[in-house]
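Visitor: I'm new to this structure, and I'd like a close look at a single part: the surroundings of the ligand. Could you walk me through that spot and then show me what lies around it?

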Amino acid sequence: MTRNDDLKARYEAAFMPNYGVPPLALARGAGSTVWDVDGNAYLDLIAGIAVSSLGHGHPALAEAVAAQAAALAHTSNLFLHEPEVRLAEKLVELAGGDARAFLTNSGTEANECALKLAIKYGKTHGRSYFVATENGFHGRSMGALSLTGKQSIREPFGPYALDVRFVPYGDAAALEAAVTADCAAVFLEPTQGEAGVVPPQPGYFAAARRVCDATGALFVADEIQSAIGRTGAWFAFQHEDARPDVLTLAKGLGGGLPVGACLAFGAHGSIFAKGDHGSTFGGNPVSAAAALAVIATIEADGLLDHVTEVGEILTEGVAAVDHPLLAGVRGRGLWRALVLTAAKAGAVEAAARAAGFLVNAVQPDAIRLAPPLILTAAEARAFAGALPAILDAADKEN
Ligand SMILES: *Cc1c(COP(=O)(O)O)cnc(C)c1O
């Protein structure tokens, strides 16, 4: 029995079956490469779902985490610490200033914070309902799930206490029709991540900004998957210069350490009164130090421009592949989906893994790529070069 098979059998016995059994047990990584417990190497093109922004074993992250853990790992919110203050200041600066932050352990919790802000805003101004998008994803807690449009994960746990109205994603006219002066808040992803890296028509975020300005609804941007360089900008909203009222982020922020944030701009930064919200672990010193190391490395190494360049190289390489199973490629920066002509994403994911590449079958007909932001041009070309044989192998599966 391989070490992979041994761990998979023990995993299956010890864990709830909600994830199924993952195909590999990973042991270590360096740069954009990871190794499984049997010593096989893979080029990591999914980065733990857009999380490992500096790749694996990055010295800046490892040193910041080790030093902070040795100095002080936890304070709770009964005491403050310098790393959280520096992180909140930095996030506000990167988002354009005039905002206040709340730090969390995850994306879902960042959205719970945004939702509580929106509920309080709605109660204060007599606004009773929320607007979100079909197929959108905002997390799996009962609050975040209320806003999640993806039917398969939403249905089993309803009904929901909040009045959430769903509109087709990317349709500015449908959004305008759904948002009235009774709407408390609109929750939007800048590109739908879990739905398969689906970008809207250009101008959608700017249109959402105008609709919210006209009606007084809060514009909440869920940038949990898109923020901190993934699209070649710190935040995806910056591509359209359509600043939301509330912004959530998480995944890539800590480079693998659990940390998220909710930012609220202008007067919305002071919606909560003392006692309105809290978290024991949120913004803990180790996660805050990790996030500061991620941001400092992106700045020092010019990774925003690098993401744009390597993202183009990856897309050009994939677009040059002529194969009956491949319909095209969409997305921005190092956040892309290969669109298939048939529901064979599972087979493509497995064939890629067998060829030494980790990718994600995000939808039956879409493969998500969200590699470390440090992915090299040579690594992007290596994947594009291997793609025809991967698609051939997947095509043979039935
Ligand atoms: C991943 C994700 C979430 C949930 O974040 P968790 O860290 O898994 O709780 C919410 N919204 C979007 C857009 C996401 O991609």
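Guide: Around the ligand you'll find S106, G107, T108, N111, F137, H138, G139, E189, D222, I224, Q225 and K251; a residue gets onto that list if one of its heavy atoms lies within 4 Å of the molecule. Keep in mind that this is a predicted model, where local features need pLDDT of at least 70 and side-chain atom pairs count only at pLDDT 80 or more, while totals for chains, interfaces and linings use all residues. Residues are numbered from 1 along each chain as its sequence is written, and side-chain values use heavy atoms, with hydrogens and water left out.

Let's go through some polar contacts, meaning pairs of N or O atoms within 3.5 Å. T108 has a polar side-chain atom 2.5 Å from an oxygen atom of the ligand. K251 also puts a polar side-chain atom by a ligand oxygen, at 2.6 Å. With D222, an N or O atom of the side chain is 2.8 Å from a nitrogen atom of the ligand.

Now look at helix α5, residues 107-125. Helices here are DSSP runs of H or I with at least four residues, strands are runs of E with at least two, and both are numbered from the N terminus. The 19 residues of α5 should span 27 Å at 1.5 Å a residue, and the end C-alpha atoms are indeed 27 Å apart, which agrees; the expected span is 1.5 Å times one less than the number of residues. G107 and N111 sit around the ligand, and both are among the buried residues of α5, as are A110, C113 and L117. Buried means under 20% relative accessible area, with exposed over 50% and partly exposed in between, using a 1.4 Å probe and protein chains only. Right after α5 comes G126, with a positive phi near 65 degrees.

Next, the sheet. It is open, has 7 strands in the order β4-β10-β9-β8-β7-β5-β6, and its pairing is mixed; two strands pair if DSSP finds at least two bridges between them. The edges belong to β4 (99-104) and β6 (164-167), which have a single partner strand each, so one side of each is left without a neighbour in the sheet. On average, neighbouring strands are turned by 20 degrees against each other, direction ignored. Over at β6, the partner is β5 (residues 129-133), joined in the parallel sense over 4 bridges, and A132 stands opposite F166 in β6.

Two helices pack here as well. Helix α4 (residues 82-94) touches β4, β9 (246-249) and β10 (260-265), and its direction makes about 130 degrees with that of β4. Contact means heavy atoms within 4.5 Å, and angles run from 0 to 180 degrees between N-to-C directions, with axes fitted to C-alpha atoms, for helices over the stretch in contact. Helix α9 (residues 204-215) lies across β5, β7 (183-188) and β8 (218-222), running at about 155 degrees to β8. That brings us back to the ligand, since D222, which ends the stretch given for β8, is one of the residues around it.

There's another open sheet to find: 4 strands in the order β11-β12-β15-β14, with antiparallel pairing. Its twist averages 30 degrees from one strand to the next. Helix α11 (residues 303-319) lies across β11, β12 and β15, at about 10 degrees to β12.

Conventions. Polar contact = N/O pair within 3.5 Å; in protein donor to acceptor, adjacent residues only side chain to side chain.
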